[in-house]
Amino acid sequence: MVNHTQITKTISLDAYGIKNAQVRYQLSSDQLHELTISKGQGEEASSGALAVKTGEFTGRSPQDRFIVKDDITKDRVWWGNINIPFDSEKFQKLYDKVTAYLSEKEVFVRDSYACADDNYRLNIRVINEYPWSNMFAYNMFLRPTEEELKDFTPEWTVINAPGFMADAEIDGTRQHNFAILDFTRKIALIGGTGYTGEIKKGIFSALNFILPVFKNTLPMHCSANVGKDGDTAIFFGLSGTGKTTLSTDAERSLIGDDEHGWTNENTVFNFEGGCYAKVINLSQEQEPEIYDAIKKGAILENVIMNDKGDVDFENTSITQNTRVSYPIHHIENIRVPSIGKNPKNIFFLTADAFGVLPPISKLTPSQAAYHFISGYTAKVAGTEAGVVEPVPSFSACFGAPFMPLHPTKYAEMLSHKMKESGVNVWLVNTGWTGGPYGVGTRMKLKYTRAMINAVLNGELGSYTYEDYHIHSVFGVAQPRTCPGVPKEVLSPRTTWGDDEAYYKTAFKLTNAFRENFKKFEEFASEEIRRGGPQRYSF
Ligand code: ATP
Ligand code: MN
């Protein structure tokens with residue numbers, strides 16, 4: 001699959017306004033790896049992976065993500081502080097400045113595509129200032145064959161110039177960095193930030209508009225895998241809740257770890273050609289597949305290494321968001337092509353730092369719709385010195401920053417598909433147990449995997465009503481037993497050993513749910529509203 005042969009095709013970027021550039025077209029992963037090192041922009045880790053620092057930004061910058069308001073988007077996009085409008089003329093001016101900046105430079109160009117299902121394929125040309133960003137595009141997007149490259153017509157273009165700094169006052173940006181989508185020109189323009197995640201999430205955001213609006217297909221911020229019997233499972237969840245970790249499972253074939261579409265032909269397909277895993281505290285013992293994927297061809301971001309090139313995965317001195325990208329074939333058990341059938345089980349992952357949600361529970365269709373619109377997880381934010389408190393974080397559809405349309409649009413499509421397919425929906429708390437953050441501990445990965453396996457083996461699915469306890473606050477169905485998991489772990493209240501403190505914290509969370517849901521109330525049917533928590537205070 002890795003293409004070592006030299007691509008002989010040459011291209012000019014004059015039509016883009018990038019003049020006299022030294023175009024490095026379709027370099028191989030190895031060439032980009034070597035070039036990055038020879039330019040002093042990266043180092044080789046002892047595993048063989050390339051290690052780079054992304055610079056000022058080590059994560060996305062949602063406040064600097066804009067969408068050009070034009071005839072295509074003006075009446076369709078849900079404008080606000082998530083989808084921030086950008087003027088079309090201003091875009092043209094900024095585009096001209098970025099392309100002038102790239103002119104006369106060495107630039108790295110890669111033709112690739114998104115969407116593993118040919119009916120949805122989107123051809124993409126990625127133009128990068130840096131070789132490692134271009135290697136990221138090789139890892140993360142789908143890779144056309146040499147034959148396909150001969151008459152490749154790019155539809156969307158990503159222009160990525162981390163070294164270009166905008167002048168906010170003149171250019172209409174918020175500050176020096178920006179990621180702007182233009183649906184008429186079909187361009188994602190990224191400047192002032194070297195964080196590679198902006199490249200993949202730019203195209204994801206574009207597809208989250210294109211697929212529902214023009215192709216009647218539901219785009220999802222989820223991972224997906226398929227069992228030996230061909231049963232598909234998908235895992236929704238916000239960053240850090242476990243999409244990549246839990247979908248990477250030696251017993252099941254990986255479809256993808258982050259972005260998928262659910263078609264009306266009863267299939268689920270991956271948008272991408274690679275994975276982008278968090279590596280904080282990564283260990284070979286806990287996550288062997290991801291650990292072993294870190295080899296030549298992978299790109300580590302913002303990690304700390306010793307003189308021998310060994311990575312210290314516990315070191316977060318640059319960022320908590322240390323990452324690795326690798327082409328999907330670095331994982332042994334994968335689905336080729338990355339397409340599965342209708343899901344049989346859907347998991348909503350949440351890292352509940354309050355420690356009050358059950359580690360696994362079954363949702364009714366109303367509850368599924370309610371939780372999808374709410375998109376709950378918790379962040380752990382430092383407040384006063386030494387005091388660290390969980391902060392609830394709600395992000396509609398488990399991915400609001402990437403969703404250009406109103407959340408109810410995606411929720412309606414999902415509800416419809418869930419009903420049609422009769423899928424089971426589970427809420428999985430991969431967060432805290434035995435108390436909130438600071439008191440309790442993170443749920444053992446071993447237990448979360450056991451609960452998910454029990455669902456996928458049909459064990460929990462075959463439980464009857466008596467096998468569940470209906471949670472008095474959240475109303476969800478909590479299994480009383482689960483193979484491979486101590487009984488007491490299944491009941492969060494039991495793990496606390498302090499009923500009063502448990503309920504007090506649970507109500508803190510349900511009140512946050514209620515507050516957040518207010519903005520959706522007018523759009524939500526009685527059925528969806530019924531899916532919310534049952535109790536809000538004593
Ligand atoms: P993103 O959208 O940013 O890619 P993600 O949903 O893919 O995020 P992961 O990369 O899977 O999130 O991150 C989950 C992190 O939490 C990993 O570092 C994993 O080791 C850790 N973790 C600890 N306990 C658990 C658990 N019980 N279940 C899942 N993940 C856990
Ligand atoms: Mn992930």
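**Exercise 1. Start at Arg-323**

Task: Find how far the backbone oxygen of Tyr-276 lies from a polar atom of the side chain of Arg-323. Then place Arg-323 in its surroundings.

Solution:
- Step 1. The distance is 3.0 Å, from the backbone oxygen of Tyr-276 to a polar atom of the Arg-323 side chain. This model is predicted, and every value here is computed from it.
- Step 2. Locate the residue. Arg-323 belongs to strand β18, residues 323–327.
- Step 3. Check its exposure. Arg-323 has a relative accessibility of 12%. Buried means under 20%, so Arg-323 counts as buried.
- Step 4. List the neighbours. Beyond four places in sequence, Arg-323 touches Tyr-195, Ser-239, Tyr-276, Ala-277, Lys-278, Val-279, Ile-299, Leu-300 and Glu-301.

**Exercise 2. A binding site in the record**

Task: Which residues does UniProt place in the "binding site" feature that includes Arg-323? Describe Tyr-195 in detail.

Solution:
- Step 1. Read the record. The unreviewed UniProt entry puts this feature at Arg-60, Tyr-195, Lys-201 and Arg-323.
- Step 2. Locate Tyr-195. The loop between β10 (187–191) and α6 holds Tyr-195.
- Step 3. Check its exposure. Tyr-195 is buried, and its relative accessible area is 4%.
- Step 4. Look for links to the record. Contacts of Tyr-195 beyond four places in sequence include Arg-60 and Arg-323. Others among them are Thr-54, Phe-57, Tyr-276 and Asn-321.

**Exercise 3. Three listed residues, one spot**

Task: UniProt also lists Lys-201, His-221 and Asp-258 under "binding site". Why can they be said to gather at one spot?

Solution:
- Step 1. Note the source. The listing of Lys-201, His-221 and Asp-258 comes from an unreviewed UniProt entry.
- Step 2. Compare sequence with space. The three span 58 residues in sequence, yet no two of their C-alpha atoms are more than 10.3 Å apart, so they gather at one spot.
- Step 3. Take Lys-201. Helix α6, residues 197–214, contains Lys-201. Lys-201 is buried, at 12% relative accessible area. Arg-60, His-221, Asp-258, Glu-259 and Phe-402 are in contact with Lys-201, leaving out residues up to four places away.
- Step 4. Take His-221. Strand β11, residues 218–226, contains His-221. His-221 is buried, with a relative accessible area of 3%. Among its contacts are Lys-201, Phe-236, Lys-243, Asp-258 and Phe-402.
- Step 5. Add the polar contact. The side chains of His-221 and Asp-258 make one, at 3.2 Å.

**Exercise 4. Two helices**

Task: Which residues of α1 are buried, and what covers them? Then check the span of α10.

Solution:
- Step 1. Read α1, residues 29–38. Ser-29, Leu-32, His-33, Leu-35 and Thr-36 are buried there.
- Step 2. Recall the geometry. An α-helix has 3.6 residues a turn, so residues three or four places apart point the same way.
- Step 3. Find the cover. The buried residues of α1 are covered by elements including β1 (22–25), β2 (42–44), β3 (50–52), β6 (106–114) and α3 (131–140).
- Step 4. Step past the end. Just after α1, Gly-40 has a positive phi of about 75°.
- Step 5. Turn to α10, residues 407–421. Its 15 residues reach 21 Å from first C-alpha to last, close to the expected 21 Å.
- Step 6. Look inside α10. Buried residues include Pro-407, Tyr-410, Met-413, Leu-414 and Met-418. Just after α10, Gly-422 has a positive phi of about 65°.

**Exercise 5. Cores and rings**

Task: Which residues touch the most other members of the largest nonpolar core? Then examine the aromatic pairs.

Solution:
- Step 1. Name them. In this core of 96 residues, they are Phe-236, Ile-346, Phe-348, Phe-372, Leu-414 and Phe-474.
- Step 2. Note the other core. A second, separate core has 28 residues, including Ile-11, Ile-84, Leu-94 and Ile-159.
- Step 3. Count the pairs. The whole structure has 33 aromatic pairs.
- Step 4. Take one pair. Phe-236 and Phe-372 sit edge-to-face, 5.4 Å centre to centre, with 75° between the planes. The pair links distant parts of the chain: Phe-236 is in strand β12, Phe-372 in helix α9, and they are 136 residues apart. Both are buried.
- Step 5. Take another. Trp-496 and Tyr-502 are also edge-to-face, at 5.5 Å and 85°. Both of these are buried.
- Step 6. Finish with a cluster. Tyr-370, Tyr-376, Phe-394, Phe-513, Phe-517 and Phe-520 form one aromatic cluster.

Conventions
Residues numbered from 1 in each chain as written. Chains lettered and ligands numbered in written order. Predicted model: local features only at pLDDT ≥ 70, side-chain atom pairs only at ≥ 80, totals over all residues. Heavy atoms only, no water. UniProt positions renumbered as here; feature names shortened; annotations may be inferred. Helix = DSSP H or I, 4+ residues; strand = E, 2+ residues; numbered from the N terminus. Buried < 20%, exposed > 50% of the residue type's maximum accessible area, 1.4 Å probe, protein only. Contact = heavy atoms within 4.5 Å. Polar contact = N/O pair within 3.5 Å; in protein donor to acceptor, adjacent residues only side chain to side chain. Expected span 1.5 Å × (residues − 1). Core = buried A, V, L, I, M, F, W, Y, C linked by side-chain atoms within 4.5 Å. Phe/Tyr/Trp six-rings, centres within 6.5 Å; stacked < 30°, edge-to-face > 60°.
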